[in-house]
Amino acid sequence: MEKLLTYDSVEISYGGEPVVRGVSFSLAPGEILGIVGESGSGKSTLIRGALGLLGSGGMVTRGDIWFQGNNLPDLPEKEMRKIRGARIGMIFQDAGASLCPVRTIGAQIRESLSAHRKISRRESDGEALELLDKLGFRDGKRILESYPFELSGGMNQRVGIAIACLPKPGVLLADEPTSALDVTVQKQAVEEMLLMRRLYGTAMILVTHNIGVVRAMADSVLVLKEGEMVEYGPAPQVLAHPRADYTKKLLAAVPELRRE
């Protein structure tokens, strides 16, 4: 199967000190890859490297990250702006915190969509309402007219996920998208992300320490420890028959969230 995103022997460093070393994997259209490991293992750094969101002092120092024929670390910032959001979306751990508190949800959605294409307010609101309805939001119009402080934390996180999904990117990078949610909202968020794959064929990389969420969503799993790959393969194989002691400990530590 044709690969949509490929990491080839990627090393990422801060201040010249490697924190991720020799990581290789590929993502097919519609595939969900779960990247798991304890805090500080390099999970978030690994996906942020694809979009050039490493912050001060961070850079890809070796290897390649290929996306639709482009080696992302080599692209100038002008070209990366065309890819971020529109073709590769990003869901942050606290997506609600990225919402502007003094602007309505609708205004922020319109800004997000207009950054990548010409679109009227009516078209933007129509697309947003359609997606919110598909994702099970009961009162999409009220949500568009609301400010973030008028919504719960869980609702803001779900809205943040919806905003990332609206441009229908080919790949979604999700950085601990459920870790701050209670169990009920976590289940909703998982179902919404799975729905995006069913509706649009979206591929995803799901970064999490929660093996239960990975068990519910992922087709393949990559296990990181201290910036290095421990295991990588089909999810049923890695989760049912882990080879590394580290993976066995992760599996034993986290409660299950089963796929229906």
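These exercises walk through strands, helices, salt bridges and one loop of a predicted model.

Residues are numbered from 1 along each chain as its sequence is written, and side-chain values use heavy atoms, with hydrogens and water left out. Because the model is predicted, local features need pLDDT of at least 70 and side-chain atom pairs count only at pLDDT 80 or more, while totals for chains, interfaces and linings use all residues.

**Exercise 1. Lay out the open sheet.**

Task: Give the order of the strands in the open sheet and find its edges.

Solution.
- Step 1. Fix the terms. Helices (H or I, at least four residues) and strands (E, at least two) are DSSP runs, numbered from the N terminus. Two strands pair if DSSP finds at least two bridges between them.
- Step 2. Read the order. The open sheet has 4 strands, arranged β2-β1-β4-β5, with antiparallel pairing.
- Step 3. Find the edges. β2 (17-27) and β5 (70-71) each have a single partner strand, so one side of each is left without a neighbour in the sheet.
- Step 4. Look at one pairing. β1 (residues 5-14) and β4 (residues 58-67) are antiparallel and share 8 bridges. Here Tyr7 sits opposite Ile65 in β4.
- Step 5. Add the helix. α1 (residues 43-51) lies across β1, β2 and β4. Contact means heavy atoms within 4.5 Å. The helix runs at about 105 degrees to β1. Axes are lines fitted to C-alpha atoms, for helices over the stretch in contact, and angles run from 0 to 180 degrees between N-to-C directions.

**Exercise 2. Describe strand β8.**

Task: Is β8 mostly covered or mostly exposed, and which strands does it pair with?

Solution.
- Step 1. Set the cut-offs. Buried means under 20% relative accessible area, exposed over 50%, and partly exposed in between (1.4 Å probe, protein chains only).
- Step 2. Check the strand. β8 (residues 203-208) is mostly covered, with 6 of its 6 residues buried.
- Step 3. Sort the side chains. In a regular strand the side chains alternate between the two faces of the sheet. Ala203, Ile205 and Val207 point one way from β8. Met204, Leu206 and Thr208 point the other way. All are buried.
- Step 4. Name the partners. β3 (residues 32-36) runs parallel to β8 and is joined to β8 by 5 bridges. β7 (residues 171-175) is also parallel to β8, again with 5 bridges.
- Step 5. Match residues. Val36 has Thr208 as its bridge partner in β8. Ala174 stands opposite Leu206.

**Exercise 3. Work through three salt bridges.**

Task: How many salt bridges does the structure hold? Then place three of the pairs, starting with Glu77 and Arg81.

Solution.
- Step 1. Define the pair. Side chains of opposite charge can pair when their charged atoms come close. A salt bridge is a side-chain nitrogen of Lys or Arg within 4 Å of a carboxyl oxygen of Asp or Glu.
- Step 2. Give the total. The structure holds 15 salt bridges.
- Step 3. Take Glu77 and Arg81. Their side chains meet at 3.8 Å, N to O. They are 4 residues apart in helix α2 (residues 77-83), so about one helical turn separates them. Glu77 is partly exposed at 40%, and Arg81 is exposed at 53%. Glu77, Arg81 and Arg84 are linked in a network of salt bridges.
- Step 4. Take Arg110 and Asp125. Their closest N and O atoms are 2.9 Å apart. This pair links distant parts of the chain, with Arg110 in helix α3 and Asp125 in helix α4 (residues 121-134), 15 residues apart. Arg110 is buried at 17%, and Asp125 is buried at 19%.
- Step 5. Take Asp245 and Lys248. The closest N and O atoms are 4.0 Å apart. Both residues lie in helix α10 (residues 245-253), 3 residues apart, about one turn of the helix. Asp245 is exposed at 55%, while Lys248 is partly exposed at 40%.

**Exercise 4. Explore the loop before α3.**

Task: Where is Thr104, and is Thr104 buried or exposed?

Solution.
- Step 1. Locate Thr104. It sits in the loop between β6 (88-91) and α3 (105-114).
- Step 2. Judge its cover. Thr104 has 17% relative accessibility, so Thr104 counts as buried.
- Step 3. List its contacts. Beyond neighbours within four places in sequence, Thr104 touches Arg110, Leu144, Glu145, Ser146 and Tyr147.
- Step 4. Turn to Ala97. Ala97 lies in the loop between β6 and α3. Ala97 is exposed, at 58%.
- Step 5. Compare sequence and space. Ala97 and Pro148 are 51 residues apart in sequence and 8.9 Å apart in space, C-alpha to C-alpha.
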